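Student: Please give me a close look at one part of this model: the enclosed space and what is packed around it. I would like one connected account.

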Amino acid sequence: MKKCPYKIFDKTILRTPTFSISDYFLTLSKIELSEETFKELMQDPFFKEAIFLASPSFLREIEKLLKSPCSFSDKKKEQIQYSLLKYFSRISSRCTPFGLFAGISIGRFGKETKIVTRQKDIKRRTRLDMDYLDALSKDLAKKSTIKNQILFYPNSSIYKLGKEVRFVEYYYNNGKRNHDIVSVEFSDYINKVLTVSKNGATISTISNSLLEFDDDIKNCIEFVDNLIEAQLLVSELEPSVSGLEFEEQLQKKLEKIHNIEFIQKKFNEIIKDLRLLDSKMPNTPDSYTKISKKVEQLGVPIDLKHLFQVDSYIETESNTLSQKIKSDILDSLILLNKLALPNPKSVLDTFKDEFIKKYEEKEVPLLQVLDIDTGIGYGKSNNHGDINPLVDDLVTNNINNKNYIEIKWSHVNSKLRDLLIECYINNDYCISLDNFDVSDLESEWDDLPNTISAIVEVINIDGKEMVKFGGVGGSSAANLLGRFCYLHNDVLEFTKEIVEKEKELNKNEIIAEIVHLPEARAGNVLMRPDFREYEIPYLSSSGKSASNKITPEDIMISVEKNELKLKSKKSGNQIKTRLSNAHNFPNSSLPVYHFLGDFQTQGMRNGIGFNFGPFSDDYIFIPRVTYKSTILHYATWNLTFRHLNELKKDTSSFRRKYKIPEHVVLSDGDNKILICFNNGKSRQMFFRITKNKSKVKISEFLFNERTMVHSNANKKYTNEFIISFYK
């Protein structure tokens, strides 16, 4: 058996809601929620600010209700109460960072688990939404005073194909970013423009360079203007998702431009006002409204709901996890690796096969290969979804027939099926894998990334410390941390430590960060510091020097020993790619971005995790699964339309029959909502959400008043920890 090569970084990241689960339990302990209870919730200034950042229009409705309750019908009041209860559930139970609803803090492993938060001591970082900044930067670049002073660069997606120059342009339609491949005939004019602007040049410089072809400067300027309009040339104000936060990048660039005193003054005032918001808690909605009025003076339309982005850092008095937890996680990782199966044939594997057929052993420009007309393209034959690593080779395509699916069965599935059947026969709630025989299963570690991460929960069950650990994943352990590096220097230093470890483990290759903005609003989660020495900018600007920027046009691709290789034509160095954020890049992405993202984990599993495979969604009850002091799988229930009707008709009997606890988590799309079945309002909220659904999934909620995370006021909090591993 191969020994586990992974160690766990000493530092951890704690994610926790800003309200306690204690307050949630207390509030919903009554059978019904009174009007007074809702009124108290609606008057909490911190809660009001959190709701404002999520939905200013909903807060306005709340304030109208507080001022004039008689003007609202009972139905409308009830709708507002349900929405408020959802937000209260979110701010009390869900750990995923979002505005002021949940935050992070940095901790480490120590002798014992001891986590005491200073929940009222929240450091926050407020910035303008990338959707607005994207629109502002484009508007500024069109103003003649600014346009004539700033630098323009070739579009980063440019490549030459025969007698054409091809590149990607984008436009917005109903707020959605769309991309088109555009081609122009290659000429001496185009060649000159691209050469002169290679390292950035003003319109004047580029236009004057064309006088050798046309002595009329007006014609030259008009030609350059047309290239800017067509996006063959892009301005230095183009958004970037790497380096300083983009509003700071924009601020620095505006400082260098003459005769725009009003814009500079107003933008500086806005940044100053944002820092003032961050210096105190809570802030009133009026504070944001005043800033929005200043933002409007810059001349770009705003959407108040999508104007402010906030991340929160919660200070702690103590933040340590026991060494035993580290040991338990590594033990479970070894088991999960034995249970996990190799990935099925991926999009990248199919691409490699097609590459070999078409190009054999040739080294070819990457953009030429990815061109959909003359090359192979990428991702068009992708019929795979985001499947859990354990069952990646179980379920195949539907073969266009809704009556059946094809399943590839494995030895692991047989073992799990037997355990599930035994559980049903014995009427058990939990399956233990402590005595699970895996002696006939092999361990494989070589096909996992250099660094990976896991999200775990630390829970107290009957006085025993347990860890919910479902698996590990990601192309890099930095992926879940990147966007929070602006919040606190300790988070930045930890992320740099991960990046340095990856560099150390790949000494003979360049690791280049993929810098791309697929959608303006996506920039809110894609923005991160420039951790790595090299970057590959694609439809996004980069602050790196020319020697540290690898343009897609510079990348060559070949196959050696049945493995795809990328090489810089300019330096001759081999390239590995990284995308240090949590963006789900295969969704609606351009072929180049999709390929570079997939290339991160060529020949590797993106992760390993526990899953019941084909049984996961078919049985009404799936038991909890444990291994030693680790929970690998929460008890879950798959409720069909029929089950939901039965549950609504006689909630108590149905819950007893299927052992459904008082508190459950409802998965509703990307949202997870805590439900209390013993509370009438929460129960009715559940039935409202599931009213028109044919199937829903709920899972047990195990946090209680003995949870391991508490505040210095001794209130209890749910938790998630990001645990990072390296080889």
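**The cavity and its surroundings**

Tutor: The largest cavity has a volume of about 50 Å³. A cavity here is a set of points on a 1 Å grid, over the protein atoms alone, where a 1.4 Å probe fits but cannot get out; the points are joined across faces, edges and corners, and the volume is the space filled by probe spheres set on them. By this rule there is 1 cavity of 30 Å³ or more. This is a predicted model, in which local features need pLDDT of at least 70 and side-chain atom pairs count only at pLDDT 80 or more, while totals for chains, interfaces and linings use all residues. Residues are numbered from 1 along each chain as its sequence is written, and side-chain values use heavy atoms, leaving out hydrogens and water.

Now walk around the wall. Arg127, Leu128, Met130, Leu133, Glu245, Phe246, Glu247, Gly523 and Met527 line the largest cavity, each having an atom within 4 Å of a point. Strand S3 (114-128), helix H6 (130-142) and H11 are the elements that give two or more residues to this lining; helices (H or I, at least four residues) and strands (E, at least two) are DSSP runs numbered from the N terminus. By class, the lining has 5 nonpolar, 1 polar and 3 charged residues, with Ala, Val, Leu, Ile, Met, Phe, Trp, Tyr, Cys and Pro taken as nonpolar, Asp, Glu, Lys and Arg as charged, and the others, Gly among them, as polar.

Follow H11 next. In this helix Phe246, Glu247, Gln249, Leu250, Gln251 and Leu254 are buried, that is, under 20% relative accessible area (1.4 Å probe, protein chains only). The cover over these buried residues includes S3, H6 and helix H12 (261-278).

H11 (246-255) also supplies at least two residues to the lining of the second largest pocket, as do strand S6 (164-173), helix H8 (188-196) and others. A pocket is an open set of grid points with protein on both sides within 12 Å along at least five of seven lines. About 1400 Å³ of space lies in this one. Its lining has 47 residues, and Tyr153, Pro154, Lys198, Lys549 and Thr551 lie nearest its centre. The 47 divide into 15 nonpolar, 17 polar and 15 charged.

Return to Leu128, a cavity-lining residue. Leu128, Leu639 and Phe686 touch the most other members of the largest nonpolar core, which has 115 residues; such a core is a set of buried Ala, Val, Leu, Ile, Met, Phe, Trp, Tyr and Cys residues joined through side-chain atoms within 4.5 Å. Helix H3 (residues 45-54) provides the largest share, 7 residues. Apart from it lies another core, of 48 residues, including Tyr6, Leu416, Phe436 and Ala454.

Phe686 has contacts (heavy atoms within 4.5 Å) with Leu639, Leu644, Leu647, Leu666, Ile675, Phe677 and Ile698, leaving aside residues up to four places away in sequence. Ser682, in helix H23 (residues 680-689), counts as buried because its relative accessibility is 1%. With the same sequence neighbours left aside, that is, up to four places away, Ser682 touches Tyr24, Leu28, Leu85, Leu674, Ile675 and Cys676. Ile675 therefore appears in the contact lists of both Phe686 and Ser682, where contact means heavy atoms within 4.5 Å.

Note on methods: Buried means under 20% relative accessible area, exposed over 50%, partly exposed in between (1.4 Å probe, protein chains only).
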